[in-house]
Amino acid sequence: MTSESTNKEAVLRAARAFVQEEVSKHSDGHDWSHIERVTKLATRLARHTGADPFVCELAALLHDVPDEKLNDSLEAGMAKLHTWLDNQPLESSTRELVVSIISTISYAGGQGASVSSLEAQVVQDADRLDALGAIGIARTFAFSGARGREMYDPALPPREQMTREEYRNGRSTTINHFYEKLFKLKDLMNTSYGKELAQQRHEYMVQFVERFRQEWEGADA
């Protein structure tokens, strides 16, 4: 194994240990299991697309570190990310690319920045895939429960347009979140393989929400 490969493996080990400690206090769908799934998806997508596997894996491991939902502010989260990266044996170009990926992949109510690099497209697709399908359903209800959000209110329609602040803090319901974000993701995927996987997961979610509405209204009998 070359010294470069050894350094990369050391950085990935350090990232896993750092992130495991960071997310250990979260049980709202942004836990270590989420990070592991996104990282596995990112490495699969990297193989399919020819993206840099090390950059994709590292960015996937770190992608939730600065998340404003998990920190006092986005600025505080980014400072935490920079502090950790400053202590790793990374080339400046790799470091800058990882920061760029993490800074641009968030959905943010549809107001997120566009991604340009192939590696950013891969990590964004991996993160969005984990918001879809059976896992996506479970994570949505876990997050809503942790934040005290009600499951459903037929009198409260989904929001069509939102600012980033409204998306984060405005009143909504768990079921509305499917319409406000999750059902839109399949058309926002970047890679062909990501689109294929997203379509399958999307269809499962549509069936779930239809069934949920039927049972809510007592119309399933």
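Tyr152 is buried, with a relative accessible area of 9%. This residue belongs to a predicted model, and it makes a convenient place to enter the structure. Tyr152 sits in the loop between α7 (133-146) and α8 (164-169), and an aromatic pair ties this loop to Trp216 in helix α10, 64 residues apart along the chain. The two rings of Tyr152 and Trp216 meet edge-to-face, with 5.0 Å from centre to centre and 85 degrees between the planes. Trp216 counts as partly exposed because its relative accessible area is 41%, which lies between the limits of 20% and 50%.

Tyr152 and Trp216 also belong to a cluster joined by ring pairs, whose other members are Phe141, Phe178, Tyr179, Phe183, Phe208 and Phe212. In the whole structure, 10 aromatic pairs are found. One of them is formed by Phe18 and Trp84, whose rings are stacked, 5.4 Å centre to centre with 15 degrees between the planes. This pair, too, links distant parts of the chain: Phe18 is in helix α1 and Trp84 in helix α4, and 66 residues separate them. Both Phe18 and Trp84 are buried.

Trp84 leads on to the interior. The largest nonpolar core has 58 residues, and Trp84 is listed with Val19, Leu58, Leu62, Leu129 and Phe178 as having the most contacts inside it. Two or more residues of this core come from each of α1 (3-23), α2 (32-49), α3 (53-62), α4 (74-86), α5 (92-104), α6 (118-129), α9 (174-180) and α10 (192-216). Helix α3 gives the most, with 8 residues. As an example of the contacts made by a core residue, take Leu129. Leaving aside neighbours within four places in sequence, Leu129 touches Leu41, Leu45, Met189, Gly194, Leu197, Ala198 and Arg201.

Helix α4 shows how one helix can have a buried side and an exposed side. Its 13 residues should span 18 Å at 1.5 Å a residue, and its end C-alpha atoms are 18 Å apart, so the two values agree. The buried residues of α4 are Gly77, Met78, Leu81, Trp84 and Leu85. These residues lie on the same side of α4 because they cover an arc of only 125 degrees around the axis. The spacing follows a general rule: an α-helix has 3.6 residues a turn, so residues three or four places apart point the same way. On the other side of α4, Glu75 and Asp86 are exposed.

Helix α5 can be read in a similar way. Its 13 residues should span 18 Å at 1.5 Å a residue, which agrees with the 18 Å between its end C-alpha atoms. Thr94, Val98, Val99, Ile101, Ile102 and Thr104 are the buried residues of α5, and they pack against α3, α4 and α6.

What follows α5 on the way to α6 is a loop, and Ser114 is placed there. Is Ser114 buried or exposed? Ser114 is exposed, because its relative accessible area of 67% is over the 50% limit. Although Ser114 and Thr104 are 10 residues apart along the chain, their C-alpha atoms are separated by 6.6 Å. Beyond the loop, Gln124 has its place in helix α6. Gln124 counts as buried because its relative accessibility is 4%, under the 20% limit. Apart from neighbours within four places in sequence, the residues in contact with Gln124 are Thr104, Ile105, Val115 and Asn190.

Helix α10 brings the account back to Trp216. The 25 residues of α10 should span 36 Å at 1.5 Å a residue, and its end C-alpha atoms are 36 Å apart, which agrees. Its buried residues are Tyr193, Gly194, Leu197, Ala198, His202, Met205, Val209 and Phe212. They pack against α2, α6, α7 and α9. After α10 comes Gly218, whose phi is positive, near 70 degrees.

It remains to ask how confident the prediction is. The mean pLDDT of the protein chain is 90, and 95% of its residues reach 70 or more. Among the elements of the chain, α3 has the highest mean pLDDT, 98, and α8 the lowest, 71. Where pLDDT is low, the predicted coordinates should not be read in detail.

How values were computed. Residues are numbered from 1 along each chain as its sequence is written. This is a predicted model: local features need pLDDT of at least 70, side-chain atom pairs count only at pLDDT 80 or more; totals for chains, interfaces and linings use all residues. Side-chain values use heavy atoms; hydrogens and water are left out. A nonpolar core is a set of buried Ala, Val, Leu, Ile, Met, Phe, Trp, Tyr and Cys residues joined through side-chain atoms within 4.5 Å. Buried means under 20% relative accessible area, exposed over 50%, partly exposed in between (1.4 Å probe, protein chains only). Helices (H or I, at least four residues) and strands (E, at least two) are DSSP runs, numbered from the N terminus. Contact means heavy atoms within 4.5 Å. Rings of Phe, Tyr and Trp (its six-membered ring) pair if their centres lie within 6.5 Å; planes under 30 degrees apart count as stacked, over 60 as edge-to-face and the rest as tilted. The expected span of a helix is 1.5 Å times one less than its number of residues. The arc is that of the directions from the helix axis to the C-beta atoms. pLDDT is the predictor's confidence in each residue, from 0 to 100.
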